Amino acid sequence: MLSLFTAIAAFASTSLAVKPIHSHNDYTRAVPLWTALNLSIMSVEADVWWQSNQLFVAHTSDEIDKTKTLNSLYLANILGIINGTVSSITPISVSNPLQLLIDFKSDGPTTFQPVLDALQPLRAAGHLTAYANGKLTQGAVTVVGTGNTPLASVVASNPRDVFFDADIRQLYSTKPGIGLEWGPEISPLASVDYASVSSTAQMQELVLNAHDFGIRSRFWDTASSVSTWDMFWSAGSDWVNADDVLGASNAWAVFDS
Ligand SMILES: *[C@@H]1O[C@H](CO)[C@@H](O)[C@H](O)[C@H]1NC(C)=O
Ligand SMILES: *[C@@H]1O[C@H](CO)[C@@H](O)[C@H](O)[C@H]1NC(C)=O
């Protein structure tokens, strides 16, 4: 248990120093990645399809545009920003890390290895948050798999540098594997469809549950309004889902003042 608590303590010490906003379906923004980064929003999400030996970024398989891959929209730019060959008004670094949510839309077990392979340049350069030998090390980029991401593959990875978006309702009632507990070394993030949460009080309870495990919270399928964002921030929820990132950013500036 000691190594688990050490890992949690290390993670908790890097508290959310950035805007608690997540750019939901980030690839639909006018300019993917940069729209969020220019607002200092350090969590972005891409829906990914493994097809024709490529990882395409699209909401549905009908919308696949062959020029838009996980690498072309995100990974190459992220590596370039970190290594200084691509300019960004907001840096990506260990002290200002980016959370990249990869929403597996195609079959989970089939898509997992291609995602690991695509991350190799970032991994080789030491930029990925990773869990190995009982130790969680913060990198400039934390990759969290959601959607069809297979939990068993995440748990079996060594080093583990694709993490798992847990179901925030089930942290106390399930285990991630035999002899394992939920924690940031498996799930830095836990989420749920807000439509399945019955009340603001239940949402607040879920946020606290996640924090008990050293895990950050996110609710999706939420209304795009100042009162909604304020409700989540008031509850201490971490990555508040936003489709209107400029609106959410402006609302946060008011809320935080
Ligand atoms: C981000 O900011 C840079 C520098 O001000 C600017 O050149 C660029 O157009 C901006 N991009 C977006 C998508 O806002
Ligand atoms: C920096 O990142 C770019 C990707 O944008 C990559 O092509 C290049 O090899 C990297 N350079 C170094 C020195 O890591």
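Trainee: Which residues surround ligand 2?

Mentor: Ligand 2 is surrounded by A76, L79, G80, N83 and T85. Keep in mind that this is a predicted model.

Trainee: How do I read the polar contacts here?

Mentor: Look for pairs of N or O atoms within 3.5 Å. For ligand 2, a polar side-chain atom of N83 is 2.4 Å from one of the ligand's oxygen atoms. The backbone takes part as well: an N or O atom of the A76 backbone sits 2.8 Å from an oxygen atom of ligand 2, and for a backbone N or O atom of G80 the distance to an oxygen atom of ligand 2 is 3.5 Å.

Trainee: And how many Å² of accessible area does ligand 2 have on its own, and what share does the protein cover?

Mentor: On its own ligand 2 has 370 Å² of accessible area, and the protein covers 41% of it.

Trainee: What classes of residue make up the shell around ligand 2?

Mentor: Two are nonpolar, three are polar and none is charged. Glycine is counted as polar in this scheme.

Trainee: Let me move to the other ligand. Which residues surround ligand 1?

Mentor: Around ligand 1 you will find V31, T35, N38 and I89. An N or O atom in the side chain of N38 lies 2.3 Å from an oxygen atom of ligand 1. Taken alone, ligand 1 exposes 360 Å², of which the protein buries 38%.

Trainee: How do the residues of the shell around ligand 1 divide by class?

Mentor: That shell has two nonpolar residues, two polar ones and no charged ones.

Note on methods
Residues numbered from 1 in each chain as written. Chains lettered and ligands numbered in written order. Predicted model: local features only at pLDDT ≥ 70, side-chain atom pairs only at ≥ 80, totals over all residues. Heavy atoms only, no water. Near = heavy atom within 4 Å. Polar contact = N/O pair within 3.5 Å; in protein donor to acceptor, adjacent residues only side chain to side chain. Areas by Shrake-Rupley, 256 points an atom, 1.4 Å probe, with all protein chains shown as cover.
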